[in-house]
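User: I have a structure open and would like to talk through its sheets, its cavities and one loop residue. Could you take me through them?

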Amino acid sequence: MPSSFKMENMPFSLLSEREQGYLRSSLDIGYYQAGEVLLAAGDVPEGVYVIFKGRVGESDVAVEGEEKQEQVFVHYANEDYFGAWSAIRGTAIHNFIAEEETICHILPTKALLDLCAGNSRFGDYFQQSLSAKTEIQAQEGGDQDMAEFMLAQVKDGLIREPLIVLEGTSISEATVLMREKHADCVLVKRGNRYGMVTGTDLLDAVVIEKLELTSDVAEIASYRIISTTSDDYLFNALITMTQQHIERVVVMDDNQLTGIIELTDVLSYFSSHSHVIGLRIERAKTVEDLHEAAHGLNDLIKGLVTHGVKARFAMDLIAAMNGRVIAKLFDLIVPTDMQPHVCLIVMGSEGRGEQIMKTDQDNALIYRDGLQWPGMQETMELFTETLISFGFPKCPGNIMVSNPAWVKSIGQWTQQLSDWSYRCEGEAQMNLAIAVDAHPVAGNAALFKTSRNWFMRHLQNNDVFFSHFAKASLEFDTPLTFFGNLKDKGELDVKKAGIFPIVHGIRAMALQFKILETNTFKRIEALVEIGQMKEEHGRELAEALALFIQTRLKQQVKRIDDASDGVDQTPNILELSSLDKMERDLLRDGMHIVKGFKKSLTLRYHLGG
């Protein structure tokens, strides 16, 4: 029955036509009755089994009292495969028993090893690593042009040779040189430092500052250089330009100047018009202008998803864009003379930089002790209502600046953080979790940093507090069946099942070790760096979280397109029946990683019982 074997399923689709022919010629067929053992622990496997029809349980023997009982922890059904890891190792470590009449294709161990040796990606797939599987899937599926863009590095033909002048060069000489070289900026070398001068800088210096043409161009250069490396990804350069509101980045390798990369070069690779939206945001003179620009973000998000951009990259870009919208609205609504005395912070997924589709608002305002601002409450209410009109939904818990409970002086805010950390009841723990994800987006960021740093220095470092704080990670069940599989159909709340346990568990660890990063991925990297998490474990957790967010995002975009009002009423729900086999397999693997992470938290924070 070789013709009945489905080569389009992963990982067999990774094989070349010749390799697929070899696989088909090597296949055998096995027929098993209900209760029959296909493979027993300790046996030398025949090969990898691919179910054509039927159901198989993978089990281990557990001793309860004086009786030995078979405990099934994974189920395999049509088109699932098993036994590959056992075949590669040479010995089975579990029992595989048919639970109903079952027919399997069997790929002999020799053929499996031959194919793994000849096709590295096929072999890599059997590592059982979620990160390896998702990377292979991303390379195989999706838009190839976008995949090439995502892999493009700054050095891939995009670096421009810089125009460099020395300190002492006059404004006139620099202008003539730029005209001759058709350059719109020049780098000025002063000692061991480089500064940048753009055409606009030259114009401002002569027309506005009334400087002489013989003036030293080094005096008008900006020495706050934003740089990248030639090995960095092009997409990261785009994110940096968006965040910093700039149109060019200097490329430095080993502290040596390599060249310049310009926005026009990046946009030639990327057609989402993200920077166009960014310019519209910055140029907005009224709330109405900003409203129009903000609504262009939905089209940007859809474009990113359609072209297969990974969730991690999309989150970074959208976080930067959302931050600019909120900061610009702050500038338009909050009186200019009040802005240096207050700080607007965003919390929750926005604070972590992990929001893609707009979810409910979580924001607060910190103001200078003793500030007199009679119109503060009215202004904050207007701010919240305007954000709602921009598509940022109202927070069901009323955690918004329109609520006076979330508008506090720096002393009140610091005391509030301390009070929450000393109370172990649910609401205080939830509020603290929200607050420690805070990130300043507008106003005087020093107000926020002062209170945060004080709290971190004085945070009580005892087991009881962290045990209570981390416990919320275990609140929701991991939706794996008794047999270790996802349910075949129905719905799954991916936030409760997968995203929240990772986010909050990592949040608890980051707080314990006083890590200032708020983004979950960066918190994981920091925990790995200080030795509190193994690198492989951190990589798998990050991959699982990215998978959950990406899968949710795809369904969110589809529901928004189908909805008459353009609103997704169930943003965290996954319709399992709409996932293909590969997506369900990856989701199941991700849930197993969550389950393992919960066990590690239970041991770390003594949460058993």
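Analyst: One definition is needed at the outset: helices, of at least four residues, and strands, of at least two, are DSSP runs numbered from the N terminus. Please note also that this is a predicted model.

User: Fine. Which helices supply at least two residues each to the lining of the largest cavity?

Analyst: These are α17 (410-422), α19 (445-458) and α21 (494-512). The largest contribution comes from α19, with 5 residues.

User: How much space is in that largest cavity, and which residues lie nearest its centre?

Analyst: The space amounts to about 170 Å³. Its lining comprises 18 residues, and those nearest the centre are Ala435, Val436, Ala438, Arg452 and Met456.

User: And what is the chemical character of the lining of the largest cavity?

Analyst: There are 12 nonpolar residues, 2 polar ones and 4 charged ones.

User: How many cavities of 30 Å³ or more are there?

Analyst: The count is 2. The second largest has a volume of about 70 Å³. It is lined by 11 residues, with Ile326, Glu350, Gln361, Asp362 and Phe392 nearest its centre. The lining of this second cavity divides into 4 nonpolar, 4 polar and 3 charged residues.

User: Changing topic: in what order do the strands of the sheet with β15 to β18 come?

Analyst: The order is β17-β16-β15-β18, in an open sheet of 4 strands with mixed pairing. The edge positions are taken by β17 (407-409) and β18 (439-443); each has a single partner strand, so one side of each lacks a neighbour in the sheet. On average, neighbouring strands here are turned by 30 degrees against each other, direction ignored.

User: How do β15 and β16 run, parallel or antiparallel?

Analyst: They run antiparallel, with 5 bridges between β15 (residues 342-346) and β16 (residues 363-367). Within this pair, valine 346 is opposite asparagine 363 of β16.

User: Which strands does α14 touch?

Analyst: Helix α14 (residues 311-333) packs on the sheet and touches β15, β16 and β18, and its direction makes about 35 degrees with that of β18. A further helix, α16 (residues 376-389), lies across β15, β16 and β17 and runs at about 155 degrees to β16.

User: Now β8. Why is it described as largely enclosed?

Analyst: Strand β8 (residues 102-108) is largely enclosed by the rest of the structure because 6 of its 7 residues are buried. Buried here means under 20% relative accessible area.

User: Which residue of β8 is the bridge partner of glycine 30?

Analyst: The partner is cysteine 104. Strand β1 (residues 28-32) is joined to β8 by 5 bridges, and the two run antiparallel. Strand β3 (residues 47-53) also pairs with β8 in the antiparallel sense, over 6 bridges. There, glycine 47 is found opposite proline 108 of β8.

User: Last one: where is glutamine 532?

Analyst: Glutamine 532 sits in the loop between α22 (520-529) and α23 (535-562). Its relative accessibility is 27%, so glutamine 532 counts as partly exposed.

User: What does glutamine 532 touch beyond residues up to four places away in sequence?

Analyst: With those set aside, glutamine 532 touches Met509, Phe513, Leu527 and Arg604. In addition, the C-alpha atoms of glutamine 532 and alanine 510 are separated by 9.8 Å, with the two residues 22 residues apart along the chain.

Technical notes
Residues are numbered from 1 along each chain as its sequence is written. This is a predicted model: local features need pLDDT of at least 70, side-chain atom pairs count only at pLDDT 80 or more; totals for chains, interfaces and linings use all residues. Side-chain values use heavy atoms; hydrogens and water are left out. Two strands pair if DSSP finds at least two bridges between them. Axes are lines fitted to C-alpha atoms, for helices over the stretch in contact, and angles run from 0 to 180 degrees between N-to-C directions. Contact means heavy atoms within 4.5 Å. On a 1 Å grid over the protein atoms alone, a cavity is a set of points where a 1.4 Å probe fits but cannot get out, and a pocket is an open set with protein on both sides within 12 Å along at least five of seven lines; lining residues have an atom within 4 Å of a point. Grid points are joined across faces, edges and corners, and a volume is the space filled by probe spheres set on the points. Ala, Val, Leu, Ile, Met, Phe, Trp, Tyr, Cys and Pro count as nonpolar, Asp, Glu, Lys and Arg as charged, and the others, Gly among them, as polar. Buried means under 20% relative accessible area, exposed over 50%, partly exposed in between (1.4 Å probe, protein chains only).
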